[in-house]
Amino acid sequence: MTRNLAVLAAFIMSMVVAAPAWAQNCDTMVVDEAGRLGASGVATVEAAGNRLVNAGADVRVRVIPSASAVGNLDQYMARLQAECASWRAADGGRKNNLLVILLSMDRQSGVFFGEQYRSALDDRTATIRTGSMNPRFRDGDFAGGLAAGLDASGRFIAAAAAPPVNTTTPVIVQTQPSQPTDLTGLWSVLMWGLGLIALGALAYLVVVLSRARAKRRAAQQKAQAVRSSCSNRITELDDPISLVGARLNRAAQAVSEEDAAPLKASLEALKGEANRATAQYGDLQQSANNPDRGGLSADEYDAMAAAFQSVLDKLDKVREGREKLEKDIAGLQSLIDAARPLIDALDKDVDAAAVAVVQVQELGYKTEAVEAVLTEAVKAQEEAGTAMAAKRFGAVKTICDRGSKKAKDASSQASGLPARKNALDQGVTALKSRISQVAQVIKDTRPVFEAIASEFVEGSWAHVKGNGTEAENRIDAATNASVETAVLAAMDRQEWQKAEDTLGQAKAWLDEAESFMRSIVSLKGNLEQAKRDALPEIDAAQADIDKATAYEREHDDDIRDSIKGDIAEARRVLAGAREELAKEKPDYFFVVEQAKLANASADKILDQSQNEHEAAERKRKRAVSSVRDATAAISRAKEYIEDHSSDV
């Protein structure tokens with residue numbers, strides 16, 4: 001434990017000492033921490049930087065999200081220089097040929113350089129920033145601004161005159177050797193720090209070990225619990241499965257093999273599943289899956305728990321199968337107990353059906369179809385008796401259910417014959433009455449159609465032409481059907497189903513005749529409404545076209561010329577509507593449709609024109625704002641130049 005803590009403490013100290021070296025990416029030319037340059041932007045800046053590198057400069061460019069987060073750019077430059085050895089000279093100062101440009105996204109920029117470039121750049125950094133870099137930054141072109149700043153710096157460096165040769169006699173300064181520094185206090189602080197770190201690491205290690213021990217213990221207890229559940233379940237199942245087998249053997253003696261075979265197969269399958277689960281449990285007990293063993297990992301105990309859980313799931317399935325089998329055996333006994341009552345009930349239903357048939361026969365009704373159904377019920381009686389004798393109790397239930405249904409159907413059909421005839425007789429009477437009513441509707445609708453034909457153009461009512469003739473044909477067909485239905489429902493024919501079908505067809509024909517008449521009446525109402533709406537729709541469309549035209553003329557410079565063609569097309573459509581309305585018998589549907597089409601076109605034209613004008617207005621406002629900002633920037637520049645006229 002002590003050796004491990006020492007290693008951990010040494011590792012933590014190495015991390016602390018090494019951390020400043022990882023804080024900055026010192027040697028990459030361009031670092032975009034703000035993520036504003038993109039791959040192409042970085043390439044642009046690197047190309048400009050490489051031109052300076054070829055001239056002997058060591059170039060660095062840094063883009064950061066905020067200068068306020070690091071104090072300011074001067075403080076940030078000092079921090080970078082302190083952390084990056086490649087930025088410093090041998091004496092610890094700034095490297096002579098270093099050229100650094102810093103940019104923050106809160107609109108601050110700076111140019112920093114080594115002593116070699118002082119004569120070339122000392123009084124020109126403001127010019128580089130305000131003249132070459134800042135205009136591009138304001139436009140959002142950060143890569144272009146940085147590249148322009150590097151290029152401007154390169155031009156000033158190239159134009160600068162070579163420094164004069166220093167001919168003065170060097171001054172030799174002699175220094176006294178310094179006294180060795182007393183580091184006793186520093187070592188004490190360091191040792192205290194190491195001790196605190198070691199204590200913290202020890203506390204952390206204790207917590208980690210405690211949690212791991214608790215997790216391992218919980219996993220072991222779970223594995224032990226699942227194993228115990230398997231053992232208990234096996235003990236519970238052994239005797240009950242044997243008892244179920246005994247009960248099934250006793251029940252099988254009272255039924256046929258047909259009824260007992262499915263239950264015997266279920267029992268054998270249940271025993272097989274129980275034996276396989278028990279064998280798997282025994283294999284686990286003999287292997288290394290012993291959760292009582294100590295010193296294992298939580299994962300190993302979890303694996304044991306999963307293996308025993310697999311066995312437990314199979315045992316639970318066996319228990320569910322046993323419970324179902326017990327219910328099936330009880331159900332088998334229920335079949336035995338219910339067999340005789342089912343046969344008695346079938347006999348009763350057959351007798352009742354036979355009585356119903358005799359009763360309607362005495363009234364003169366034909367019962368051939370009913371007797372065919374009753375014969376099937378009688379046949380089921382015989383089959384049920386045979387199955388009972390063979391102890392096929394499941395078949396007894398199935399046969400009796402089928403036979404009782406047939407007997408009840410026969411009884412219902414027989415008893416319903418008088419009511420069926422009565423319904424047909426009443427239906428014929430009602431049909432004749434309705435035929436008269438529909439014939440009157442046809443007669444009343446004829447003047448309506450004649451009015452439509454005389455007042456409106458044929459194209460608007462051609463689709464209902466012939467409706468009256470078709471309706472009269474339906475009346476004739478329904479009249480014939482009423483006579484045929486009465487004949488089919490007479491006692492000498494008794495063709496009930498055919499009579500019902502014929503009556504239903506007659507009703508459908510009358511429905512169609514009424515529909516033909518409703519179409520004519522509805523059309524007249526629609527035509528009159530279209531006649532009323534035609535001129536107002538044209539006036540509304542004209543007003544909207546005029547409104548769109550006026551707006552387009554007022555803002556012609558902002559709206560595309562093709563809008564004029566759209567307006568002309570809307571006018572053409574509306575002119576067609578006016579032309580149709582001027583006819584002796586206008587097609588009012590066409591007039592309203594064309595007027596609405598012209599109106600919709602005018603609305604769309606006006607909407608598009610407004611959008612284009614508003615877009616142009618927004619552009620003009622942005623332009624005015626840009627000019628205002630530019631004017632203010634020029635004014636600030638002029639004021640600065642005037643204030644520093646001796647330097648600029």
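1. A good place to start in this predicted model is helix α5 (residues 125-138), which lies across β3 and β4 and runs at about 140 degrees to β4.

2. Those strands belong to an open sheet of four strands, ordered β1-β2-β3-β4, with mixed pairing. β1 (30-32) and β4 (108-113) each have a single partner strand and stand at the edges, so one side of each is left without a neighbour in the sheet. From one strand to the next, the twist averages 5 degrees.

3. Let's walk through the pairings. β1 and β2 (residues 58-64) run in the parallel sense and share three bridges; here D32 has V63 of β2 as its bridge partner. β2 and β3 are also paired in the parallel sense, over seven bridges, with D58 opposite L98 in β3.

4. The antiparallel part comes at β3 and β4, which are joined by six bridges; S104 is partnered by Q108 in β4. The two strands form a hairpin with three residues between them, and R107 in the turn is worth a look for its positive phi of about 70 degrees.

5. Helix α3 (residues 73-83) also packs on the sheet, where it touches β2, β3 (98-104) and β4, and its direction makes about 135 degrees with that of β3. Together, β2, α3 and β3 make a β-α-β unit that is right-handed.

6. Finally, how many of the residues of β3 are buried? Seven of its seven are. Both faces are covered, with L98, V100, L102 and S104 buried on one side and L99, I101 and L103 buried on the other.

Terms used:
Residues are numbered from 1 along each chain as its sequence is written. This is a predicted model: local features need pLDDT of at least 70, side-chain atom pairs count only at pLDDT 80 or more; totals for chains, interfaces and linings use all residues. Side-chain values use heavy atoms; hydrogens and water are left out. Two strands pair if DSSP finds at least two bridges between them. Axes are lines fitted to C-alpha atoms, for helices over the stretch in contact, and angles run from 0 to 180 degrees between N-to-C directions. Contact means heavy atoms within 4.5 Å. Buried means under 20% relative accessible area, exposed over 50%, partly exposed in between (1.4 Å probe, protein chains only). A crossover is right-handed if, with the strands pointing away from the viewer, the path from the first strand over the helix to the second runs clockwise.
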